[in-house]
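Please open the model in your viewer and keep the selection panel handy. We will go from the whole chain to a single side chain.

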Amino acid sequence: MTIDYKTRGTCSSRMHIDVEDGVVRSLQVEGGCSGNLQGLCRLVAGMKVEEVIARLDGIRCGQKPTSCPDQLAQALKQSL
């Protein structure tokens, strides 16, 4: 399943997430902080969806109420 998610409240604008059998196979992010998001994409590849949600849900970016990792968790929660 491919999830195409429009982010809210972050520098990134969109996430494309490939999930197969409950595991994140790949993540691509449009916009945002390139180095940090490349790292995030590599870290979550191969992780179970539930683990990604548990680790990233609620992370904030500075004073913002959300972050790119949090938005990934929100996208995955919506897909369940």
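**The whole chain**

Colour the protein chain from its N terminus on, and the elements appear in the order β-β-β-α-α-α; helices (H or I, at least four residues) and strands (E, at least two) are DSSP runs, numbered from the N terminus. The radius of gyration is 11 Å, close to the 12 Å that the globule rule gives for 80 residues, so the protein chain is as compact as a globular protein of that length. That radius is taken over C-alpha atoms, and the rule is 2.2 Å times the number of residues to the power 0.38.

This is a predicted model, where local features need pLDDT of at least 70 and side-chain atom pairs count only at pLDDT 80 or more, while totals for chains, interfaces and linings use all residues. Residues are numbered from 1 along each chain as its sequence is written, and side-chain values use heavy atoms, without hydrogens and water.

**The core**

Next, select M15, I17, L27, V44, V52, L72 and L76: of the 22 residues in the largest nonpolar core, these touch the most other members. Such a core is a set of buried Ala, Val, Leu, Ile, Met, Phe, Trp, Tyr and Cys residues joined through side-chain atoms within 4.5 Å; buried means under 20% relative accessible area (1.4 Å probe, protein chains only).

Which element gives the largest share of this core? Select α3 (68–79): its share is 5 residues.

**One side chain**

Finally, centre on L72. Leaving aside neighbours within four places in sequence, L72 is in contact (heavy atoms within 4.5 Å) with M15, I17, L27, L40, V44, V52 and L56.

Notes
Buried means under 20% relative accessible area, exposed over 50%, partly exposed in between (1.4 Å probe, protein chains only).
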